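Reader: I am new to this structure and would like a close look at a single part of it. Could you take me slowly through one strand and what surrounds it?

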Amino acid sequence: TFNFREAVKDVTEKNPAKKLKIAFSTGDTIDSLSIQGVVTELLTGKPVEDASVMLYRLEDTLNIQQPLYLAKTDKEGKYSLENLKQGQYKAFALKEEDGDLRFTKEDELFAFLSAPLT
């Protein structure tokens, strides 16, 4: 699944497409599972906007490079991951400025689920 978010714009008026995605499969079916949720700050309970919510294969080790699935939170901290393959995943959320999808600075917000997501 390619999630373009608002990266594609109308040529004449520059209006961005909303939540544009293209899903395809190399097999007979397209994966159809999904999850939704909200990312909030632990101490304040306020929603975290523009955080990356990332899923990794459960068998991935400490050498985590790129997430298998990625979504960004909206102004209300909501996210949605669609076209997921059935399985178990490690889930992380990260609010950062440098965009490298890695927890590299102490002021970055970081969260994770302690149990695998099935």
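Author: A residue counts as exposed when its relative accessible area is over 50%, as buried when that value is under 20%, and as partly exposed in between. In this predicted model, Phe-112 therefore counts as exposed, at 55% relative accessibility, whereas Phe-110, at 38%, counts as partly exposed.

With those terms in hand, we can turn to strand S5, which covers residues 69-72. Its side chains alternate, with Tyr-69 and Ala-71 pointing to one face, where they are buried, while Leu-70 and Lys-72 point to the other and are not buried. In a regular strand, side chains alternate between the two faces of the sheet.

The partner to consider here is strand S4, residues 52-57, which pairs with S5 in the antiparallel sense over four bridges; within this pairing, Met-54 stands opposite Leu-70.

Both strands also contribute to the largest nonpolar core, a set of 14 residues in which Leu-55, Tyr-79 and Leu-81 touch the most other members. The elements that give two or more residues to this core are S4, S5, strand S6 (78-84) and strand S7 (89-95). Leu-81 reaches back to the strand you asked about, since its contacts include Tyr-69, Leu-70 and Ala-71, together with Val-53 and Leu-55.

Apart from this core lies another, of five residues, among them Met-54, Tyr-56, Phe-92 and Leu-101. Tyr-56 and Phe-92 also belong, with Phe-110 and Phe-112, to a cluster linked by ring pairs.

Technical notes:
Residues are numbered from 1 along each chain as its sequence is written. This is a predicted model: local features need pLDDT of at least 70, side-chain atom pairs count only at pLDDT 80 or more; totals for chains, interfaces and linings use all residues. Side-chain values use heavy atoms; hydrogens and water are left out. Buried means under 20% relative accessible area, exposed over 50%, partly exposed in between (1.4 Å probe, protein chains only). Rings of Phe, Tyr and Trp (its six-membered ring) pair if their centres lie within 6.5 Å; planes under 30 degrees apart count as stacked, over 60 as edge-to-face and the rest as tilted. Two strands pair if DSSP finds at least two bridges between them. A nonpolar core is a set of buried Ala, Val, Leu, Ile, Met, Phe, Trp, Tyr and Cys residues joined through side-chain atoms within 4.5 Å. Contact means heavy atoms within 4.5 Å. Lists of a residue's contacts leave out its neighbours within four places in sequence.
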